[in-house]
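Please take the sequence and the model together, and read the paragraphs that follow with both in view.

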Amino acid sequence: MKASFINAKAGKALRFSALAYSIALLLPPTLAAFAANGPDARSQKQEAKSSGQASQKRTYDNKEILHMLNRVSFGPAPGDLERVKRMGVEAYLKEQLNPSSIQQPEELEKICNVPALTESPAQLFLTYGRPALKAIATKSGSDNPADKKELQKALRESYQFLYEDTARARLARAVESPAQLQEVMTDFWYNHFNISVDKNLDHLWVGSFEEAAIRPHALGKFRDLLGATAHHAAMLFYLDNWQNTSADSPMAKGRKGRFQGINENYARELMELHTLGVDGGYTQKDVQELARVLTGLGLPPGAGGGFGNNNPAQRLKDAAELGQGDMSMQLQRRAQGRQGIFETGAAMAGKPDLNNKLGSYFDSRRHDFGKKLILGYRIDGSGEDEIEQVLTILAKQPATAKHISYKLAQYFVSDTPSAELVDKLANRYLESDGDISAILNTLFHSQEFWDSKAINAKFKSPYRYLISSLRATNGQIDNVKPSLGVLSQLGMPLYKCLTPDGYKNTKEAWLNPDNLLNRINFATAYGVGRFPGIKPNLRDPAAVADCLGPTLSDQTLDTVMSAPENMRISLLLGSPEFMKY
Amino acid sequence: MNRREFLKAAGMATASCFLPGFQAWAVESNSKTSSNKKLVVVFLRGAIDGLNVVVPHGDPAYYSMRQKIALQAPGSPGTALALDRDFALHPSLAALMPLWQKKKLAFVLNAGSPDPTRSHFDAQDYMETGMPGNKVASTGWMQRLLAQMPDNHSPVRAINVGSTTPRILAGPIAAATYAPSAKRRRAPIDRADISSEFQQMYKGRNDDLEHAFLEGIAARNTINTALAGDEMNAEMQAANGGALAANKFGGFGKQLGKLMHDEAKVQVAFVALGGFDTHVNQGNEKGQLANQLNVLGTGLSELSAALGPSFDDTTIMVISEFGRTAKENGNGGTDHGHGNLIWLLGGDINGGKLYGRWNGMSQKELYEGRDLPVSTDFRSVISSVIGEHLRLSQSQLEAIFPGFKFTDKSLSSIIV
């Protein structure tokens with residue numbers, strides 16, 4: 001059936017133009033493969049299923065392999081189909097689920113070797129934070145207007161520098177990394193634990209958050225991932241926990257300043273968004289009790305912990321109580337460049353560990369040491385260890401297993417996943433102690449994942465749309481700014497979702513008239529090589545068409561073949577089929 | 001029958017079963033009475049602190065619970081602006097005072113959702129579907145409202161300012177979406193040769209992508225025409241060069257107002273503004289919330305002005321998912337609460353008044369001892385307003401808010 005479809009297309013093409021003829025010549029490998037994989041593949045598959053050993057004996061046709069590539073990666077790149085056919089679907093999945101074995105291209109490692117990703121949150125604060133920039137900008141330590149202007153400029157530049165380095169690395173990896181599933185899951189978990197670059201100090205830490213808290217655990221244990229996010233400076237700042245203080249603690253009583261009482265923001269989202277889910281059975285009382293457990297978990301003084309404190313005397317006093325000078329005050333006095341700042345950092349390394357990649361700091365003087373009761377579990381007041389206890393409790397809850405499983409099933413299979421699939425994944429979660437690779441392995445071998453109804457049934461998010469366009473055309477990003485602009489225009493600015501629930505992953509959220517036309521505008525400009533900052537290295541429409549494979553409709557193919565030559569890639573990338581995956 | 005017609009028919013099922021041709025007749029009748037009536041909904045995401053918008057300065061409990069963030073009683077320069085004896089408006093909303101004085105602005109106190117959730121995302125969903133507690137509702141109440149309004153076949157019947165489809169407009173009738181921006185550049189799809197290639201590829205598929213594509217092309221032409229003109233761009237840029245630059249929605253009012261003024265067929269519009277989740281350092285007369293209110297107040301005032309004579313036919317409703325704690329928290333902010341304000345502006349609003357039930361802020365009056373109660377269901381407020389403003393029948397209101405019995409007639413005088 002496929003073979004006849006191809007031949008008919010090829011015949012039609014021949015009738016139209018010489019260029020179409022060349023397409024017809026280029027199409028056959030894929031088409032021939034369809035033909036070879038046609039009815040035989042199907043009968044083999046059925047046999048494998050009935051024998052109950054689907055995973056060993058199953059074979060896959062091109063349509064299925066492309067479907068798998070669409071979901072496990074950010075979309076097939078030229079050559080991916082052939083590679084998977086050579087190595088086999090099983091071997092490919094195994095490789096993707098164990099990314100440590102995958103060699104990264106040197107070029108990519110270079111792009112990712114930038115301070116925004118490699119330095120600790122404290123180091124980033126001490127190098128690019130306001131006090132450091134102020135020390136450099138205001139040589140005399142005065143507040144005259146020229147110095148203020150200079151400082152504003154330095155702040156803007158440091159924001160842009162860190163943001164663009166982080167975004168360049170993220171997009172380059174998403175497009176080029178051979179460890180695609182690792183990148184897909186990094187995007188998934190970043191959204192799950194979303195923070196925004198536009199919340200004050202988080203502009204310093206978004207890259208570190210992704211690099212130190214998310215990416216290393218993206219296919220590991222959920223408990224480790226949860227722990228890393230809970231101890232990362234960026235999360236503690238974003239959801240305000242760095243100020244969460246017991247009102248009866250020595251730091252709150254009779255003092256002025258920001259550490260005066262409970263802030264339940266992080267406690268609520270930790271249960272609602274990160275673990276149990278909104279229907280996970282917790283109460284307002286549980287939120288309040290969890291907020292008490294989390295009191296004191298914040299940022300090191302001098303490296304973010306005094307953010308925005310406009311009372312230098314109080315700041316100095318607080319810092320002195322910890323047995324060290326106030327970093328930002330020192331910086332201002334010294335009015336030195338970066339090197340000086342690092343020396344100061346090294347001298348301080350005794351108390352809070354400024355090189356810690358996560359960058360949290362537990363201040364027991366702000367902690368509530370009373371007994372707590374959370375979800376029926378009694379937590380005795382022991383300080384920092386209480387936090388580890390509750391994170392373990394939360395990670396082990398069946399409600400958490402279900403919540404995470406639902407999100408994975410929705411992301412990888414269908415906007416409305418079946419209860420059976422969610423249950424299957426939740427069981428795997430509980431059996432494997434929240435082993436993300438194990439859960440995904442179950443998902444990738446589920447009947448629902450391979451169901452023909454699932455193929456091309458998801459609507460791409462703007463991020464996936466951009467990345468898959470680049471992958472299908474061997475696109476390379478020379479200047480990251482225009483790509484970031486497209487993501488903003490399409491409603492998905494990178495690292496800038498303001499709310500902690502992250503971006504949605506459903507057609508309902510992303511399919512609307514303006515958004516669709518803006519994708520088409522991008523596809524048109526990019527396809528003809530006139531989109532700034534990125535170039536499609538692959539100019540052969542037939543090879544791009546191969547990435548879409550058999551889901552490409554006659555109508556689309558007809559339009560592409562009869563269109564002017566320079567429009568063909570644009571039309572393929574702007575086609576209804578390419579909006580889906 | 002296409003899906004749009006089906007949706008409309010479903011809402012009128014009781015009558016249409018025995019009255020052939022009823023649908024057409026109803027549309028005709030509606031178009032006579034309410035063809036020019038418009039509704040704008042502004043959603044303040046993140047739960048705005050209503051207690052610092054309309055300030056109950058007459059209540060001593062307000063001051064004892066909010067030592068850092070309370071606003072002072074009206075009287076001195078820079079303090080809140082008196083609305084009546086006990087309540088005053090945040091000074092950053094000074095731009096709205098002329099509307100209050102002209103009796104075109106009203107507030108409903110202690111309104112909200114009967115659902116107790118303090119989750120932003122659930123509460124927003126409930127307020128947008130109009131079905132609190134229902135987790136599977138897939139269409140929004142503005143979408144169901146559109147189905148009850150006469151179909152004027154305009155691609156810009158519904159306007160959504162933003163980049164994504166909000167739940168409130170989710171459903172088969174596509175909303176024309178545009179992102180607020182200073183410049184609307186000519187794009188590839190505005191070229192006839194490119195557009196026709198894509199038309200050939202999208203047309204006739206009979207699916208949601210074709211639908212979106214065609215609606216998009218039609219809406220784009222209309223919006224491009226309406227928002228063209230250098231005068232507009234210059235104005236917008238001036239606005240962005242000023243204090244509003246910090247907020248990307250600065251200027252939303254002018255653009256939307258101009259569009260609705262020039263394009264008579266706009267029936268509903270939706271704008272969502274973020275940044276109201278003030279857990280930390282929210283400030284009082286000055287500060288974080290004050291800055292946000294400045295943008296909002298200016299936007300609403302500019303929207304009202306840009307509507308011109310259409311303001312008389314327009315109701316603007318400002319809602320937020322829930323209120324915030326009556327007491328300030330440990331960080332000069334407020335946490336998630338329950339009851340909140342609903343703001344109403346428009347030509348036929350019986351304004352200059354505060355509506356709703358207010359029993360003060362003493363401990364025994366607070367919901368769960370910490371939040372303002374919800375004394376008026378948000379659906380009662382919306383039903384009271386749109387029922388009169390858009391001339392909708394009880395059964396039409398029931399189609400918009402399925403399962404909700406609109407019996408609270410305490411707001412029946414809210415529309416002139």
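The paragraphs below move from chain B as a whole to the boundary between the chains, and then to individual residues and their surroundings.

This is a predicted model, and everything said here about its geometry is computed from the predicted coordinates. Chain B is built from 14 helices and 12 strands, and 61% of its 416 residues count as buried. When contacts in chain B are restricted to residues at least 6 apart in sequence, 73% of them join residues that are at least 24 apart. The area that chain B exposes comes to about 15400 Å², of which carbon and sulfur atoms supply 53%.

Turning to the boundary between the chains, 56 residues of chain A are in contact with 47 residues of chain B, and the two chains bury about 4200 Å² between them, with 54% of that area on carbon and sulfur atoms. On the side of chain A, the residues that lose the most area to chain B are A:E508, A:P513 and A:L517, which together account for 14% of what that side buries.

Within chain A, helix α19, which spans residues 284-293, is mostly covered, since eight of its 10 residues are buried. The buried residues of α19(A) are A:Q284, A:D286, A:V287, A:E289, A:L290, A:A291, A:R292 and A:V293, a list that takes in charged side chains such as those of A:D286, A:E289 and A:R292. What covers these buried residues includes α18 (265-274), β3 (372-374) and α23 (384-396) of chain A.

Aromatic side chains offer another way into the model, which holds 32 aromatic pairs over all chains. One of them joins A:Y128 and A:F161, whose rings lie 5.6 Å apart, centre to centre, with 50 degrees between their planes, an arrangement that counts as tilted. This pair links distant parts of the chain, with A:Y128 in helix α11 (residues 121-128) and A:F161 in helix α13 (residues 145-176) of chain A, 33 residues apart. The two partners can also be described by their accessibility: A:Y128 counts as buried at 5% relative accessibility, whereas A:F161, with a relative accessible area of 35%, is partly exposed. In chain B, the rings of B:Y62 and B:Y63 have their centres 5.0 Å apart and their planes at 85 degrees, and the pair is therefore edge-to-face. Here B:Y62 is buried, with a relative accessible area of 0%, while B:Y63 counts as partly exposed at 25% relative accessibility. Ring pairs also link a cluster in chain A, made up of A:Y60, A:F188, A:W189, A:F193, A:F222, A:Y411, A:F412, A:Y429, A:F444, A:F449 and A:W450.

How does an arginine side chain sit among its neighbours in helix α13 of chain A, where A:R170 lies? The charged end of A:R170 sits over the ring of A:Y190, 5.6 Å from the ring centre, and the side chain of A:R170 is also joined to that of A:E210 by a polar contact of 3.0 Å. A:R170 counts as buried because its relative accessibility is 3%, and, leaving aside residues up to four places away in sequence, A:R170 touches A:D187, A:Y190, A:E210, A:Y463, A:L494 and A:Y495. In chain B, the charged end of B:R45 sits over the ring of B:F43, 4.9 Å from the centre of that ring.

Two residues of chain B deserve a look for their backbone geometry. B:K103, in the loop between α5 (97-101) and β5 (105-112) of chain B, has a positive phi of about 60 degrees although it is not a glycine. B:N110, which is found in strand β5 of chain B, likewise has a positive phi, near 50 degrees, in a residue other than glycine, and B:N110 counts as buried because its relative accessibility is 3%.

The last stop is B:V385, which lies in helix α13 (residues 378-389) of chain B and counts as buried at 0% relative accessibility. Beyond residues up to four places away in sequence, B:V385 touches B:T315, B:M317, B:L344, B:L390, B:I414 and B:I415. With one of these, B:M317, the separation is 68 residues in sequence and 9.1 Å in space, taken from C-alpha to C-alpha.

Technical notes:
Residues numbered from 1 in each chain as written. Chains lettered and ligands numbered in written order. Predicted model: local features only at pLDDT ≥ 70, side-chain atom pairs only at ≥ 80, totals over all residues. Heavy atoms only, no water. Helix = DSSP H or I, 4+ residues; strand = E, 2+ residues; numbered from the N terminus. Buried < 20%, exposed > 50% of the residue type's maximum accessible area, 1.4 Å probe, protein only. Contact = heavy atoms within 4.5 Å. Areas by Shrake-Rupley, 256 points an atom, 1.4 Å probe, with all protein chains shown as cover. Phe/Tyr/Trp six-rings, centres within 6.5 Å; stacked < 30°, edge-to-face > 60°. Lys NZ or Arg CZ within 6 Å of the ring centre and 35° of its normal. Polar contact = N/O pair within 3.5 Å; in protein donor to acceptor, adjacent residues only side chain to side chain. Buried area = accessible area lost by both parts, 1.4 Å probe.
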